[in-house]
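Work through the exercises below with the sequence and the model open. Each task is followed by a solution in steps.

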Amino acid sequence: MSNKMLDSANLSCDVAVIGAGHAGIEAALACARLGVDTVLFTMSFEAIANLPCNPSIGGTAKGHLVYEIDALGGEMGRAADLVTLQSRTLNLGKGAAVQSKRIQADRKKYQSIMKRTLETVPGLRLIQTEVIAINVSNDGEKDKCDVNSKAKYVSSVTTRLGEEWKCKCVIVATGTYLESEIFVGNVNYSAGPDGFLPSKGLSASLSEAGIKLLRFKTGTPARIKRETIDFSLLEKQPGEEPIQPYSSLHDEAFFDGLVQIPCHIVYTNENTHRIIRENITRSAMYSGKIHGTGPRYCPSIEDKLVRFADKERHQLFVEPMGADTSEIYLQGFSTSLPTDVQQEMLHSLQGFSKAEIMRYAYAIEYDCADPLQMDATLEFKSVKGLFGAGQFNGTSGYEEAAAQGLIAGINAARKVKGLPGIVLPRSESYIGTLIDDLVTKGTNEPYRMMTSRSEYRLLLRQDNADLRLTELGHKVGLIDDVRYCAFVAKKMAQEKEKERLESTYVSPAQANAWLSSIGETPLKSGASLADLLRRPLISYEGLAALDADRPQLSRAICLTVETDVKYAGYANRQLAEVAHRKKLEERRLPEDIDYKQIRGLRLEAAQKLSMIRPCTVGQASRISGVNPADITVLLIYLGVK
């Protein structure tokens, strides 16, 4: 196609998003909703919003991410509510800070809803074609604050069909498709997840642009035919009641009348382990075929047996893939063993002696970018206008991908508009923690979000995600005025109720009989309702016995009020720590600083700082190989008192 023909076809946009998985969807929707002309490229419409692994959304720390995505104006939480088959809150036996919602999702319905959403958003074009090259130049429009004369700039993308689309920004959200290869036993072939075509050529284009790529691996278990499983021999796992929605767009009556589909639990046994051990050399993982690094926290079943050799059994979860399909997902049974071994080990499980495999398990290897090349806006430092999101950035999981996609989309749109990018602090969100970890520490394996990764997890609960982030979502432009007003009303109701609990007192005569009945120590003098609520055995609901005049409040408000009151002492200590570190987090580092010329800075620290080029002193302090003494030297150099 000639250049003249390309110009006449008007092949241009503000932002080109490559890949329509969970990262690409959030990125494209954010850009379009913020008013920039956006094109979302996908190799197959059937792969849009695919759930190639577990048919669930949320989980430990991941549920926090979904609530945060919703609070900022993203789409995942809303769609997840619409396709919920079952909902459960994990870690209920632990503190509120680590409790996380997880839903079983109707896989095909989720895909359908997301595809329709993309099709109907103004300013977004959805195109089925493969992008094989990202074209860069040295004469792009420089940022006003850009002092790096060697930087390259995005100019266009080229498709497999020969079209060249001019654009100002590109967001790469290719998931596990880049030069992807499937492994089952001694068989391997080029393919993407679920048998879709792999992306060929884009990796070479990225490398040519100077982007360093890594090779990672993940996998998925077999899908089993529901009718061939004897569920009477399995442990039943029902859903919870009532269900709290992910999205603030849905009220608490949203799930009224929903009949939840139960999940089930089964365990591996001695026979299962014998079969795997006898055939482990036939696994692609252990035959030397796979070279990519796999996820530490979601290993294959053969990897579990090697790493946890002392365990007599491993728990597996039997989960529905949808309301209108026979496919059942066996979480925890991921493998790259040959098909005959997959059959044998499956039949060794209780209740699965006659089970039929509908889709075989496989491992998949793919290219991704080293996230140390990006800054906290998810823009590559060496290629201006190029952003990365999702598994392309070295992460695992739908929720981590969606969170990054949302931030990349917001920042690409703001770059097009000439606005500064947004960076979420670690102290305000798990999304901020996720991105900060990636761009300051990097990762040598697929990164998974966990509550233990945040030093501020007492402040970052899933129930207060809206309090932390809705203000920003509204300021950015993804939360409309109607939704924002509803948030403000909810926030005011919560604050008013906490004040009422602190100022309402009961006497020993009023409270002691009830306290004794529940095994609590009687009062010697009057106490506020808040003081009583801080006792371990007393809940907000239970306190109603002494609080007949309380206002009618939603479950969500009651939960946050109770948790805020109970955690107040711990939260205040963490807030003090946040304030202590604020100066470091806000102290920016010059882009042109020459770390090797700073006297007293250790060689390793200078090398790491030169390579990663953190934006702030706070980021610098979290880089592996940079110690507190190095930060002191850096502060002295900057003239900080």
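**Exercise 1: a helix pair**

Helix α7 (residues 270–279) packs against helix α9 (residues 339–347) at an angle of about 165°, and their axes are 8 Å apart. The model is predicted: local features need pLDDT of at least 70, side-chain atom pairs count only at pLDDT 80 or more, and totals for chains, interfaces and linings use all residues. Residues are numbered from 1 along each chain as its sequence is written, and side-chain values use heavy atoms, with hydrogens and water left out.

Task: state how α7 and α9 are oriented to each other, and which residues make the contact.

Solution.
- Step 1, terms. Helices (H or I, at least four residues) and strands (E, at least two) are DSSP runs, numbered from the N terminus. Axes are lines fitted to C-alpha atoms, for helices over the stretch in contact, and angles run from 0 to 180 degrees between N-to-C directions.
- Step 2, orientation. Angles under 35 degrees count as roughly parallel, over 145 as roughly antiparallel, 65 to 115 as roughly perpendicular and the rest as oblique. α7 and α9 are therefore roughly antiparallel.
- Step 3, handedness. α7 and α9 cross in the right-handed sense (the near helix is turned clockwise from the far one by less than a right angle; anticlockwise would be left-handed).
- Step 4, contact (heavy atoms within 4.5 Å). From α7 come Thr272, Arg274, Ile275, Ile276 and Asn279; from α9 come Val341, Glu344 and Met345.
- Step 5, classes. The residues of this contact comprise four nonpolar, two polar and two charged. Here Ala, Val, Leu, Ile, Met, Phe, Trp, Tyr, Cys and Pro count as nonpolar, Asp, Glu, Lys and Arg as charged, and the others, Gly among them, as polar.

**Exercise 2: two further helix pairs**

Task: describe the packing of α10 with α11 and of α12 with α13.

Solution.
- Step 1. Helix α10 (residues 398–416) meets helix α11 (residues 430–441) at about 85°, with axes 10 Å apart. That makes α10 roughly perpendicular to α11.
- Step 2. Glu400, Ala403, Gln404 and Ile407 of α10 meet Ile431, Leu434, Ile435 and Leu438 of α11. By class, the contact of α10 with α11 has six nonpolar residues, one polar and one charged.
- Step 3. Helix α12 (residues 465–476) and helix α13 (residues 481–503) pack at about 150°, with axes 11 Å apart, and α12 and α13 are therefore roughly antiparallel. The crossing of α12 and α13 is left-handed.
- Step 4. The α12 side of the contact is Asp466, Leu467, Thr470, Glu471 and His474, and the α13 side is Asp481, Tyr484, Phe487, Lys490, Lys491 and Gln494. The contact of α12 with α13 divides into three nonpolar, three polar and five charged residues.

**Exercise 3: two open sheets**

Task: give the strand order and the edge strands of the six-stranded sheet and of the four-stranded sheet.

Solution.
- Step 1. The open sheet of six strands runs β15-β16-β17-β18-β14-β19 with antiparallel pairing (two strands pair if DSSP finds at least two bridges between them).
- Step 2. β15 (235–237) and β19 (357–359) each have a single partner strand, so one side of each is left without a neighbour in the sheet. Neighbouring strands of this sheet are turned by 35° on average, direction ignored.
- Step 3. Within it, β17 (residues 315–320) and β18 (residues 327–331) pair in the antiparallel sense over four bridges. Glu319 is opposite Tyr329 in β18.
- Step 4. The open sheet of four strands has the order β12-β11-β20-β13, again with antiparallel pairing. Its edge strands, β12 and β13 (213–220), each pair on one side only, and its neighbouring strands are turned by 25° on average, direction ignored.
- Step 5. β11 and β12 are joined by four bridges in the antiparallel sense. Val184 has Val187 in β12 as its bridge partner.

**Exercise 4: loop features**

Task: where do Glu179 and Lys200 lie, and which loops hold Pro242 and Asp194?

Solution.
- Step 1. The side chains of Glu179 and Lys200 form a salt bridge at 3.1 Å, N to O (a side-chain nitrogen of Lys or Arg within 4 Å of a carboxyl oxygen of Asp or Glu). Glu179 is in the loop between β10 (169–172) and β11 (181–184), while Lys200, 21 residues apart, is in the loop between β12 (187–190) and α6 (202–208). The structure holds 45 salt bridges.
- Step 2. Asp194 is also in the loop between β12 and α6. Asp194 has phi near 60°, a positive value in a residue other than glycine.
- Step 3. Pro242 lies in the loop between β15 and β16 (263–267). Glu241 and Pro242 are joined by a cis peptide bond, with omega about -10°.
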